[in-house]
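Colleague: Thanks for making time for this. Could you walk me through the model, one question at a time?

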Amino acid sequence: MNPSLSPYAILGIVGAYFAVLVLVAYLTSRRESENVDFFLAGRKSPWPLVAVGMVGSTLSGVTFISVPGAVGAGGVNQAFSYMQVVMGNMLGYLVIALVLLPLYYRMRLTSIYEYLHERIGWYGYKIGAFYFLLSRTIGSAFRLFLVAIVLQNFVAEPIGIPFAVTVAVTIVLIWVYTFRGGIKTIIVTDTLQTVCMLLAAGITVYYIGGALDTDLGGMTRLIRQSDYGQWFFFDGGWADPNNFFKQFLSGALITIVMTGLDQDLMQKNLSMPNYHDAQKNMLAFSVVLFFANILFLSLGALLYIYSATVGLPAPETSDLLYPTIALTNLPPVAGILFVLGIVAAAYSSADSALTALTTSFCVDFLGMQDREVQPAAQGEKAGGAAGASLSDKRQRLLVHSGFSVLLFGVIMLFQLINDRAVINGLFTAAGYTYGPLLGLFAFGLLTDFRVRETITVGGVRLPALLIVCLLSPVISIAVDRNSAELLGGFQFGFLILAFNGLLTFLGLIALSVSPRE
């Protein structure tokens, strides 16, 4: 490692960055934070600030490390194929802006899963919220796990800090600056984190260009002339996991489900005064995100070109390519900004996820709404309301702490079983756990049927929705693992999300009755 960027120097950078986050948290939550502030920032968030911040929470450590590494992972055939997914994302964001956001605002939702309660009933509501909690816990743990590995390899391990301590400190730091301000703090810190991530990637590209003795135009030509510059993949047919149509459709569905049906990112949108501002935010955010992904894929291609030019050995996994080069081969400024970028990547996704998990559990399972403490001038009645709100705050703090502990446990489990690039593991898990959410919302939006509350199996009455939503992921896992043999070489890839959602939708249709019955 560059001697000017020792593990202790990196720790100093992390400490300074964390101090800035704590200062932001203090400034945004100086007055006592009520539920309306913690959950939805009082519905007063400015859309331009939210749009920038959402880029960081969407990119996260997966884009920051895994997307550049995936450009040449396992050979060079992946190249810029991820942009096919990103193009599909754009269609998904349009659906969210035009269909879902007006619905959520019309219903004045705090948790988006309250829609399922009104449209499908109690079981649909609880199952939908449960699948969000499961999905977001897995996704956030994967992202934090990725960042923890990098910090462990380059910072903690050289000075004798165990992996468990690295993870625990990371989560505690996130808890410290989110437990009071909630989404009101997250909107500001995510903006700062987005700037750090994009600046880190841009400066790394600049220094790689210098090392290769070329400018921006030269780097563009190098990428185009290399094996890493291909965007579109049509020749392999449906059996090819990089097939354009598979990836485009997957990108649209991933966005609709992992953004539009996800409390985390929708919570930021619901914190704005009206859905017109939320629509502006969604469209602006999607455009910025499109070009941000081009930046990170270009970075990945340049990292592989640079590595081959200087004769660097391939790292143990593709996820370590960027940190290895940034921290050991480029000037210290690039390493410093990489550290800021990777820490920002960790916090930008995990902090908002922790807040969303807390919000969903408090609203969907504890029945807590965005109540505010009433003014003291309203007398004894106000005192009673204040007491109830204070009790809510204590519960909210316990829930927030509980999810922090849960994330720690899941990350430690991933350490034992990890054997693939984190981005693939994240989206595979999302395909299985978000699929029922897709089916539930599709049933609610596209039909006017209602689902039977129970079905009889072997003389035992069971909740119909629960059976469908449990069987769909199990069947999807089995089909996905055997699709090549069963379907003549066809592999689902990210399309397993669509298959999973379709199974749920068809199961609900089969168990539904006319609204007039």
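Colleague: Let me start with a single residue: does Ser-140 count as buried or exposed?

Modeller: Before I answer, please note that this is a predicted model, in which local features need pLDDT of at least 70, side-chain atom pairs count only at pLDDT 80 or more, and totals for chains, interfaces and linings use all residues. Residues are numbered from 1 along each chain as its sequence is written, and side-chain values use heavy atoms, with hydrogens and water left out. Buried means under 20% relative accessible area, exposed over 50% and partly exposed in between, with a 1.4 Å probe and protein chains only. Ser-140 has 2% relative accessibility, so it counts as buried.

Colleague: Which residues does Ser-140 touch, not counting those up to four places away in sequence?

Modeller: Ser-140 has its place in helix 6; helices are DSSP runs of H or I with at least four residues, numbered from the N terminus. Contact means heavy atoms within 4.5 Å. With residues up to four places away in sequence left out, Ser-140 touches Ala-353 and Leu-407.

Colleague: Arg-136 is also in helix 6. How far apart are the closest N and O atoms in its salt bridge with Asp-262?

Modeller: A salt bridge here is a side-chain nitrogen of Lys or Arg within 4 Å of a carboxyl oxygen of Asp or Glu. Arg-136 and Asp-262 are both buried. For this pair, the closest N and O atoms are 2.9 Å apart.

Colleague: And how many residues apart are Asp-264 and Arg-136?

Modeller: Asp-264 forms a salt bridge with Arg-136, with 3.7 Å between the closest N and O atoms. The pair links distant parts of the chain, Asp-264 being in helix 11 and Arg-136 in helix 6; their separation in sequence is 128 residues.

Colleague: Which residues are linked with Arg-136 in a network of salt bridges?

Modeller: The structure holds five salt bridges. The network joins Arg-136 with Asp-190, Asp-262, Asp-264 and Lys-268.

Colleague: What separates Lys-280 and Asp-277 in helix 12?

Modeller: These two form a salt bridge, their closest N and O atoms being 3.9 Å apart. Lys-280 counts as partly exposed because its relative accessibility is 43%, whereas Asp-277 counts as buried at 17%. Because they are three residues apart in helix 12, their separation is about one helical turn.

Colleague: How far apart are the end C-alpha atoms of helix 10?

Modeller: The expected span of a helix is 1.5 Å times one less than its number of residues. Helix 10 has 17 residues, so it should span 24 Å; the distance between its end C-alpha atoms agrees, at 23 Å.

Colleague: How many residues of helix 10 are buried?

Modeller: At the start of this helix, a side-chain oxygen of Asn-243 reaches to within 3.0 Å of the backbone nitrogen of Phe-245. Helix 10 is mostly covered, and of its 17 residues the buried ones number 14.

Colleague: Which helix gives the most to the largest nonpolar core?

Modeller: A nonpolar core is a set of buried Ala, Val, Leu, Ile, Met, Phe, Trp, Tyr and Cys residues joined through side-chain atoms within 4.5 Å. The largest has 151 residues, and Phe-64, Tyr-104, Tyr-113, Met-282 and Tyr-347 touch the most other members. With 18 residues, the helix that gives the most is helix 6.

Colleague: Finally, where is confidence lowest and where is it highest, among the helices you number?

Modeller: pLDDT is the predictor's confidence in each residue, from 0 to 100. The protein has a mean of 82, with 88% of its residues at 70 or more. Confidence is lowest in helix 16, at a mean of 60, and highest, at 93, in helix 4.

Key:
Helices (H or I, at least four residues) and strands (E, at least two) are DSSP runs, numbered from the N terminus. A polar contact is a pair of N or O atoms within 3.5 Å; within protein, one must be able to donate a hydrogen and the other to accept it, and residues adjacent in sequence count only if both atoms are side-chain atoms.
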